There are 10 protein chains.
Amino acid sequence: MDRKAICDKILESKQAKKASWESLARATGMAEVYVASCVYGENSMSEEVAGKLCAALDLGADVKQALVGFPMKGQSLGQLVPTDPLVYRFYEIMQVYGAALKEVIQEKFGDGIMSAIDFKLDVTKEANPKGDCVVVTMNGKFLPYVKW
Amino acid sequence: MDRKAICDKILESKQAKKASWESLARATGMAEVYVASCVYGENSMSEEVAGKLCAALDLGADVKQALVGFPMKGQSLGQLVPTDPLVYRFYEIMQVYGAALKEVIQEKFGDGIMSAIDFKLDVTKEANPKGDCVVVTMNGKFLPYVKW
Amino acid sequence: MDRKAICDKILESKQAKKASWESLARATGMAEVYVASCVYGENSMSEEVAGKLCAALDLGADVKQALVGFPMKGQSLGQLVPTDPLVYRFYEIMQVYGAALKEVIQEKFGDGIMSAIDFKLDVTKEANPKGDCVVVTMNGKFLPYVKW
Amino acid sequence: MDRKAICDKILESKQAKKASWESLARATGMAEVYVASCVYGENSMSEEVAGKLCAALDLGADVKQALVGFPMKGQSLGQLVPTDPLVYRFYEIMQVYGAALKEVIQEKFGDGIMSAIDFKLDVTKEANPKGDCVVVTMNGKFLPYVKW
Amino acid sequence: MDRKAICDKILESKQAKKASWESLARATGMAEVYVASCVYGENSMSEEVAGKLCAALDLGADVKQALVGFPMKGQSLGQLVPTDPLVYRFYEIMQVYGAALKEVIQEKFGDGIMSAIDFKLDVTKEANPKGDCVVVTMNGKFLPYVKW
Amino acid sequence: MDRKAICDKILESKQAKKASWESLARATGMAEVYVASCVYGENSMSEEVAGKLCAALDLGADVKQALVGFPMKGQSLGQLVPTDPLVYRFYEIMQVYGAALKEVIQEKFGDGIMSAIDFKLDVTKEANPKGDCVVVTMNGKFLPYVKW
Amino acid sequence: MDRKAICDKILESKQAKKASWESLARATGMAEVYVASCVYGENSMSEEVAGKLCAALDLGADVKQALVGFPMKGQSLGQLVPTDPLVYRFYEIMQVYGAALKEVIQEKFGDGIMSAIDFKLDVTKEANPKGDCVVVTMNGKFLPYVKW
Amino acid sequence: MDRKAICDKILESKQAKKASWESLARATGMAEVYVASCVYGENSMSEEVAGKLCAALDLGADVKQALVGFPMKGQSLGQLVPTDPLVYRFYEIMQVYGAALKEVIQEKFGDGIMSAIDFKLDVTKEANPKGDCVVVTMNGKFLPYVKW
Amino acid sequence: MDRKAICDKILESKQAKKASWESLARATGMAEVYVASCVYGENSMSEEVAGKLCAALDLGADVKQALVGFPMKGQSLGQLVPTDPLVYRFYEIMQVYGAALKEVIQEKFGDGIMSAIDFKLDVTKEANPKGDCVVVTMNGKFLPYVKW
Amino acid sequence: MDRKAICDKILESKQAKKASWESLARATGMAEVYVASCVYGENSMSEEVAGKLCAALDLGADVKQALVGFPMKGQSLGQLVPTDPLVYRFYEIMQVYGAALKEVIQEKFGDGIMSAIDFKLDVTKEANPKGDCVVVTMNGKFLPYVKW
């Protein structure tokens, strides 16, 4: 089974069992975005965590094995510029605010980057009578350029 | 003067006066990322705020006028896929976590998107003995799809 | 079944039953373009509306479930620049009139955008002895840029 | 002077004279979007209309001549996929609703297209207490495919 | 059956019956290029003409139905820049002579285009002792830009 | 002077002298499209013909020399897919009718191509009460593939 | 069977029978590169030659028929810029030496091209104690631009 | 002066002095294609050879210095897929015959490539009463893949 | 079986037998990266080495035959710009350090390249209390440009 | 002065003073590749190191200031796929060996990447009677994916 089929199998089981990312996060002790990224083959789980996920969704050894593997990442969108409106907004933020982010991060930290590997990502809801807000928090280690 | 030249002029003045994004944020009463995005021609300022920025940096009417205009946005990178490592990490986050973000946002909010217009962006430093972390917070209004 | 197969199944049933977008709009109480966009996996329906559509076309629970899901959007064309002449004309309108639309919308509303999410789209026929005209009406909420 | 320089010159004069697209539409007897598209070198004016525009903005013979010429069109954006958020939304509408538009237009008219040449484009504001709406109306002649 | 499979089925039957585009043009009363374009899913036939084609090639109702449908066009090449030498030459002609065609057509007709919808295309052989020539004739209605 | 500047200089002189492609065709004894393609740097003229063109437009030795040179061709559009509507229609014709042209040309001639080098291109107007038509005639030598 | 499957079938049979391009060239009386290009669906064979190839490899009527057909060419690589190192070197030669080839060919022949249709291609080995050399010889008819 | 300006300067001097690639080859003792590739900044000359070229064309130390430098190569076309018909034919040959070349070269030499660095390129004219032929000979060292 | 299926079969067997690249390197007497590259169809093995690999993994003659074949290379990523973060870093190194590598290599060696064919690649771990380091060593023969 | 002009100024001074990357490395106490990458605007120097470089090359405060700034990186090539043969080989290595590198690095280190920021790059010459070899050593910290 290729990685896309594994992902589909997990999503079907999640739907059939009326599980949510929230309930899977609780079952595994991990964050919602992290669990979802593993399901899509963009991240890997420890043996133990994969075991809990498979237990929660009644999935077998083949799925567990795929979840602990080290997948070829960045393939779940399959597009240079995404066309889904929700995903595109993150591309737009990069195009519109990329230069500003670079200026402010480097003023605060020096020459370097925010790691996307030593990194966590969180989504929460901010209640607001005029319309709730999506709050996305990225937390990545600052990596200064080595000068050698 | 084209918009790129306006931007260069402001950056030169900022450097000459040893101003920082932090000091410009204080001078204008706006956020650092917001101020930087206006300087790069990716956002517009009110007359009053543009006036404060120009006062802080000794810049004239032409710059102020450009800052209150409604620029053609998304042009400061000039690349479909950015090559600067700091900016690229945001592209990578979208490629690796885009599908997971879609899953989790839609589970919490329903079918819709996080607005990138009714939207704020913040960068802070999280001190950490093993290496400080960059925290980027995105806060955008949730917009549900109209069904008509 | 993947989303493309769901779409094909609905289109075949629509053809077999000699249904039209107009009759499906009446059966569901929704607009023609909206119904068609849901069939193509570009929009989602409420449980109730999906139920009516499936009843009208004798389709089962799998189709209904797909119609209420939140699909990965923007994938029905599968091309950066569309080659179908009818669809291409909308690309051409954007290339030829995009800058003018930006000028006029921003003069009337300020710095911001027409939402494509809080948005409706309508097609009507304007009778004309020299040749009927297609009238496409887009109605989207104006979203002003937040200044923060 | 190349076409971009002509455009900049008109926009500068429009700003200096505090003219608006609305006032230029009145001065020329043409629609706002049409006037703006001519300024951006995407459409051409008759001698008479170009004369009125140049009179309203105190512009000379070189500008007038450029306005009555037949420009190389579709060059004011200069991008296959636009990065400006306002313009991008029209690209997104094409990606998300293109297949639905094709279905509905062809059901109403048969095999053919909405002309983007024998075509008018209009922008109006719809007042709404929850937030005003942008209404974009496209009106193009239906062209049936010739069968030969 | 998808549209590509329909096309393959017709081409196989054409080969098995040793039919030619010329004989199919005679059988249907339509032009050769037109018939071939319908077979490739790039154009649609009237019920009557599709019936004649299916009769000539002993094909059934599913093929006939596909031939009268309104296909998603421009998909038979599947390449932005074609690699087949015969097809590429038409791309080359556009690149090399596009600007000249624009100059001459607009001098003769004014600001507008040659329609590719209200349009016919014909191929003939011009005998020549030094080598026969291919003559391709395009005949499309001139559409002047509306000024509104 | 680069080739683009030569082209602009000729076009300006043509406009100043109110010359037309038709008059330049008469002055040089060559076809309109051919003359225009040479002006745009897409074809070369003999010494004699270039001399006549320069005489007709009062242009000097540098222009004449450029016209007899062998230019780098295919650069006057500068786009993989053209955005100008008139030019785009030729791209569309290739996308929509390319496969059909291949079928019909090869049925009439065998395996080979229509040359775009040993090739002529002509534009004429066909008067029609319902709207005049543009007739574009391409005439290229058939080149059969060598089998070796 | 599609053209790729035909190719795979021939290559398997070639391997099973331990045939070489050299032996197939002898069996058919044609050149090695020509035979290989036909197998890959990039060229067509006469009835007689295809018969000899099929006899040599024990292949049936379907393969023979495919070999005499006029295939859609330029599809065996399936990449704009090839990634296989051997094939890429030919792309590199074009990028590095293209301008020089144009200068030298046009100095020797005038304005025109080397035909890639009325064309032969040959590969030989040049023995050399420091390392053998690959000699690729291209021989194409010069086609002068017609001036009309 | 950038490399493009150096190239233009040499080409102008070559034209003014009515030099040919052949005469420059004689003056420098190098091959025509090699000399032309150095002029276009795609190859470098030894001090001695560059001195001879500059002497032949009355060019100064800045040109000589540029000719002995190690240029950033592959930039004289500036296009992924070339639009000039003469240069494009080499791209077409790669697309149409690339797979066949790989088959035949590897049958004769084993797994490896023809070097494009340890490589010579030659153009000659083959006289032919039916039309002269261009003969392009590529001679590159075979490099076998190291197995380690 | 196509090359991708061969690769999957080997990887499955490697996992089932709990083999590692290190153990396969030992079994075959070749380097780890070399063995992995052959498995992915990017390199070829001698008969003898392929035999050892197949013996170690209990694989049959079809796999062995594929491993000694000369594959179409550069196809295991299938992307112009890779999206997997580990692979992308090598792209980033090329973008950020490519010009510097060119400067330093050419200063040390003259005009030429590091061969990627006569080439070895090695990965080792450098223990470090602050975090282990990945050491990638590339060793390729210098190839000077031939001057002819 | 833009960053490209700063780079050109340093390279000119380096040439005029007959400095080498090796001598600049000695003068600054940094590595050759590091110094070259700073000159090309791909890395930044400390105040002290930039001072030494400017002293060695007699360059002023504007250059020094540019060298300590945090440049927009990845822009010195300006191409998605590089055309210079020396630089391209690094792209080829990524395409051909990328999957193998991923396999071997992850076997040795687990799920993660080699940092391109906490990273050093070195070039040395390995003498060899059959032809010297280029040895490129990359040394980057291993960054494991955080699981959160």
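I count two residues as in contact if their C-beta atoms, placed from the backbone, lie within 7 Å. The model is predicted: local features need pLDDT of at least 70, side-chain atom pairs count only at pLDDT 80 or more, and totals for chains, interfaces and linings use all residues. Residues are numbered from 1 along each chain as its sequence is written, while chains are lettered from A and ligands numbered from 1 in the order in which they are written.

**Entry 1: chains A and B**

How many residues does each chain bring to the contact? I find 58 residues from chain B and 58 residues from chain A. Next I looked up the elements on the side of chain B. Helices (H or I, at least four residues) and strands (E, at least two) are DSSP runs, numbered from the N terminus. Helix H3 (32-39), helix H6 (85-109), strand E1 (112-126) and strand E2 (133-144) of chain B each give two or more residues to the side that touches chain A. H6(B) gives the most, with 23 residues.

I then sorted that side of chain B by class. Ala, Val, Leu, Ile, Met, Phe, Trp, Tyr, Cys and Pro count as nonpolar, Asp, Glu, Lys and Arg as charged, and the others, Gly among them, as polar. The side of chain B that touches chain A has 34 nonpolar, 10 polar and 14 charged residues.

**Entry 2: paired strands**

Strands pair if DSSP finds at least two bridges between them. I find nine bridges from strand E2 (residues 133-144) of chain A to E2(B), and the two run antiparallel. Val134(A) has Gly140(B) as its bridge partner in E2(B).

**Entry 3: symmetry**

I superposed the copies by least squares on the C-alpha atoms of residues with pLDDT of at least 70 in both. A turn of 180 degrees and a shift of 0.0 Å along the axis lay chain B on chain A with an RMSD of 0.0 Å. That is the relation of a two-fold axis. Which residue of chain B comes closest to the rotation axis? I find Thr137(B), at 2.3 Å (C-alpha). The copies meet through the same surface, because 100% of the interface residues of chain B are also interface residues in chain A.

**Entry 4: helices of chains C and D**

I moved on to H6(C) and H3(D). In H6(C), Val96(C), Tyr97(C), Ala100(C), Leu101(C), Glu103(C) and Val104(C) meet Glu32(D), Val33(D), Ala36(D) and Ser37(D) in H3(D). By class, this contact has seven nonpolar, one polar and two charged residues.

**Entry 5: chains apart**

Chain B and chain F do not touch, and their nearest C-alpha atoms are 16 Å apart. No contact joins chain D and chain J either; their closest C-alpha atoms lie 16 Å apart.
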